[in-house]
Every structure is written in C-alpha cells, then in structure tokens.
Amino acid sequence: MNKDRYKKRIIDERLDTYVSLFGAVCLEGPKWCGKSWTAGFRCGSQILLGDPAGNFQNRRLAEISPYTVLAGETPRLLDEWQEVPLMWDAVRHEVDVRGLKGQFVLTGSSTPEHKGILHSGAGRYGFLRMSTMTLYETGDSSGMISLKDICEGRLEPVFTGDVDIFSLAKYIIRGGWPGSLDVSDDEAHLFPQSYVKAIVEDDFYKTEYPEYVPLKGVKRRYRPDKMRMLLDALAHGEGTTASRNELRKGMAEGGGDRLRPETINQNLGLLDRMFILDNQPPFRPRRATVRVKQLEKRHFCDPSLACALLGITTPEQLVGNLDAFEVLFKSLVVHDLNVYAESFKGKLYHYQDYRNNAADAVIELDDGSWCAFEIIFAHNYVDDAAKRLLSLRDSFVKDGDKGPSVLCIICGLSNFAYARPDGIFVVPITALKN
C-alpha cells in the first residue's frame, strides 16, 4: 500500500479508538467502500484471504492451519475474513491467549450465517460498520459547517459558495466509491453499474455458498433474474417505506413473477448480509405519547446503485427527471448524515406519525435529545420545509412532550448557511461535515 495516496476517512478516529480498546476489531461494510485501505493503513501486517494468487493459497492455508496465518506484526489485518469463517473463533481464541489489545483487524464485505461458529466474540471484538465516502471525504463539501455543532444548537452564518444542480446530480450518479473518484464524469456511472452486475451474477452466490462453483444442471437457491427484479423494485422504492408486499407488487408490475414472501425475506436477508442495504429506522421519542409509524425507509448503501438500476447514467438525464432527482438527493443527504452522526455517537432515524407529521431525518443524541431535519434540493422550498418542521415541533409542545431541540433544513442549491428568524437552521449539504 502506498500510504501517501490514502484519503482520510471519518471512521479513522473511531477505528483507532476501537483498536486501543479491543483485542480484535471487525470492520464491516459494502465491498469497494475502502475497508482494506482504511484498515491496512494502520495495521503492521496483513493476509488477504480473498487473494486468488496460488489458487487461493492464503485461504487454503487458513483452513488447514488457522493459527499460522495469525502470526505477524500487530495489528494484523485479516482481509475478507468471511472467506474462511472458522477464522472468527481462531482470532477469538488467540486474543484470549495473548491477553493484549489491538491484535487483529478483520474486514468483511459480507457476513456468513453463523453455522459452526462457536462464540459470538463478545468482549473480544469491537464492531464497526463502514460506508462509502461522504461529500466531505471526497472533497465535494467544503466542511465549513459541523453537524455536531448544529445538533448542539450552534451555527454561525457564513457564505458557503455556489453550487449547480448538475454537480449535485454528478455526485449522486458517481456515488462515494473510492475507486470512482479519479474517473471522468462520462465514465462515473460504470462503477455502480459494475457493482450491480457483480451482485447479481457472482457475489450473492459467494455469500450464500463460499465454495460455490457455477455448474450446469445444478439447482440454484438464488436465481440472478429474481435477484435483479428485486433490486429493481428496491430502486423504485428508494427512500420510501415500501413493504415486502409492495416490493412483490413492484416486481410483478415490472414484468416479473411475484416471489413468495419467504423468498423475498431470504433475498432481503442476503442483501443485508452483503451490506447492500442501509435502511433508515423509524424514530420513537422517549416518553412521548404520540403514535408513530414503525416502517423503515429503504435505502441502498449508496444512492448510485439506485441510479444504476434505474438506468440513469448522466447528470442531464437525472436533472431531466426532477422527481427521481429529489428522491435520490434525499438519499445522498441521508447517507452523509448517517456517517457524520455516527462519528459523535448520534443515531439516525426518520419520523412519521399518525397526525401527518414527518421529518426526513432525525438524529438522536446520547442524552435523549433529538434534532429534526428536512431535506430539499432547492432553496425556494425552504419556507414549505420550515412549516413542516414547525408543525412537528408544535404538535409535541401541545401534548406537553419533549420535542426536537433543533430544527434544520439541509439544502442542495444554496450558497449560504444561516438561522432563520424562527430559529430554523438552513445549511447546504456541500458545506457540511461531521
């Protein structure tokens, strides 16, 4: 690894903390999001269990003599550990024997079903989930405004610079994949398209069957055409609370057969294990009396995957479909808010209740206080977004419940961060950091 080329990630500080606290750290996340680089940057040695060199000799050695591959300068990186699931117990045992912190970092782009794994790893392992890059990490946000400061009620008005709608569209189509940052705008869509192809034709077989070799005449539990139809339905339901039945209906409307409910569950579970999905859970305020809706909002781990599945390949094409642009822009912001919030132990949700109040995003802090966010792509929608936030807050006040401590609007096409006379913050996404 050429460490001079390493781009700092927001998760770096938390990973360093976990390495100092635990004997082993499991760093999980979607493939190609930068786990190996981030872990390798701070590890003293490594073994790549997914390396095909020598007919996968590293993997075969780990299967034959797992403790042999654990020897090396610490922290030692075990990349794609799920290729040899028995390494989980081997690491746990070795951590117990050594009795030291910071011995191993395991990276994984999928989670095997824990058949044959004898121990959960509790007390030995620290767990972190890594995402694709935010706009701040790619350099497309100036980072002039801190989300932590906003959640603590602080914002200094500042001119943040102009941004155009085609740049925002480009960020959505390209995504936050480290490998796509150096490609031209005309080719940026190829990266998420290749990712989808890999999911459908290869990765989900490997996740379910680590020893899988495609053979003619062999009955397959997961069919590529069915998985592709499910992914298409998820893309059309991006950013919504679409139920499993609605996904089944969407597949049928797309020209496919409706999968059985149990098959839908199996496929969604597999996508979760591959970290392809990163859904937004519903928020229920503590000690509140209001009835809230309990459905997750569906999101891919990166909005570029929805673009690829919807056949959107250019900024002009996305801008020409403002309905899709609005949905995918919200997904981009939710993705970044999630990464930023995690860095200061904030938890990201969405809010919907039965009084027609809603918030695109909610960040709950350790002390139980929470902040409500609306997400809009153009500044001329600020007033409408403000009305929704004020209505949400007023409904809590009317009931005598603890409402949001901060109201904020995250905007796309805006060049100024400021607080409105009603106290609502307005912040451009291209000026935000953790």
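Leu86 sits in the loop between strand 3 (76-79) and helix 4 (87-98). This placement, like everything below, comes from a predicted model. Leu86 is partly exposed, with a relative accessible area of 42%. Beyond its neighbours within four places in sequence, Leu86 is in contact with Ala62, Glu63 and Pro66. Pro66 is 20 residues away along the chain, and its C-alpha atom is 7.9 Å from that of Leu86.

The loop that holds Leu86 also holds Glu80, again between strand 3 and helix 4. Glu80 is not a glycine, yet its phi is positive, at about 55 degrees. Is Glu80 buried or exposed? Glu80 counts as buried, at 13% relative accessibility. On the other side of strand 3, the loop from helix 3 (53-64) contains Pro75. The peptide bond leading from Thr74 into Pro75 is cis, and its omega is near -10 degrees.

Now turn to a pair of helices. Two packed helices are described by the angle between their axes and the distance between the axes. Helix 7 (residues 165-174) packs against helix 14 (residues 322-342) at an angle of about 65 degrees. Their axes are 10 Å apart. The crossing of helix 7 past helix 14 is left-handed. Which residues make the contact? Helix 7 contributes Ile165, Leu168, Ala169 and Ile172. Helix 14 contributes Leu322, Phe325, Leu328, Phe329 and Leu332. By class, the contact has nine nonpolar residues, no polar ones and no charged ones.

Both flanks of helix 14 deserve a look. Gly320 lies in the loop that runs from helix 13 (315-319) to helix 14. Gly320 counts as exposed, at 67% relative accessibility. His350 is 30 residues from Gly320 along the chain, and their C-alpha atoms are separated by 28 Å. After helix 14 comes a loop to strand 8, and Lys345 lies in that loop. Lys345 is another residue other than glycine with a positive phi, here near 65 degrees. Lys345 is exposed, with a relative accessible area of 59%.

Strand 8 leads into the sheet. This is an open sheet of seven strands with mixed pairing. What is the strand order? The order is 7-12-13-11-10-9-8. Strand 7 (158-159) and strand 8 (347-352) are the edge strands, and each pairs on one side only.

Start at the strand 8 edge. Strand 8 and strand 9 run antiparallel and are joined by five bridges. In one of the pairings, Tyr351 has Ala359 of strand 9 as its bridge partner. The two strands form a hairpin with five residues between them. In the turn, Asn356 has a positive phi of about 70 degrees.

Glu364 belongs to strand 9. Glu364 counts as buried, at 8% relative accessibility. Setting aside residues up to four places away in sequence, Glu364 touches Phe283, Arg286, Lys345, Gly346, Lys347, Tyr349, Ser369 and Trp370. One of these, Lys345, is the exposed loop residue met above.

Further along the order, strand 12 (residues 416-419) and strand 13 (residues 425-428) run antiparallel, joined by two bridges. Ala419 stands opposite Phe425 in strand 13.

One helix covers much of this sheet's span. Helix 15 (residues 382-399) lies across strand 8, strand 9 (358-364), strand 10 (370-378), strand 11 (406-413), strand 12 and strand 13. Helix 15 runs at about 160 degrees to strand 10.

Ile409 shows this region from one residue's viewpoint. Ile409 is in strand 11 and is buried, with a relative accessible area of 0%. Apart from residues up to four places away in sequence, Ile409 touches Glu374, Ile376, Val382, Ala385, Ala386, Leu389, Ile424, Phe425, Val426 and Val427. Ser184 is 225 residues from Ile409 in sequence, and their C-alpha atoms are 31 Å apart.

Finally, the cysteines. A disulfide is a covalent bond between the sulfur atoms of two cysteines. How many disulfides does the structure hold? The structure holds zero. For Cys307, the nearest cysteine sulfur is that of Cys301, 13 Å away. Cys307 is buried, at a relative accessible area of 1%. For Cys411, the nearest cysteine sulfur is that of Cys408, 10 Å away. Cys411 is buried too, with a relative accessible area of 0%.

How values were computed. Residues are numbered from 1 along each chain as its sequence is written. This is a predicted model: local features need pLDDT of at least 70, side-chain atom pairs count only at pLDDT 80 or more; totals for chains, interfaces and linings use all residues. Side-chain values use heavy atoms; hydrogens and water are left out. Axes are lines fitted to C-alpha atoms, for helices over the stretch in contact, and angles run from 0 to 180 degrees between N-to-C directions. Helices (H or I, at least four residues) and strands (E, at least two) are DSSP runs, numbered from the N terminus. A crossing is left-handed if the near helix is turned anticlockwise from the far one by less than a right angle, and right-handed if clockwise. Contact means heavy atoms within 4.5 Å. Ala, Val, Leu, Ile, Met, Phe, Trp, Tyr, Cys and Pro count as nonpolar, Asp, Glu, Lys and Arg as charged, and the others, Gly among them, as polar. Two strands pair if DSSP finds at least two bridges between them. A disulfide is a pair of cysteine sulfur atoms within 2.5 Å. Buried means under 20% relative accessible area, exposed over 50%, partly exposed in between (1.4 Å probe, protein chains only).
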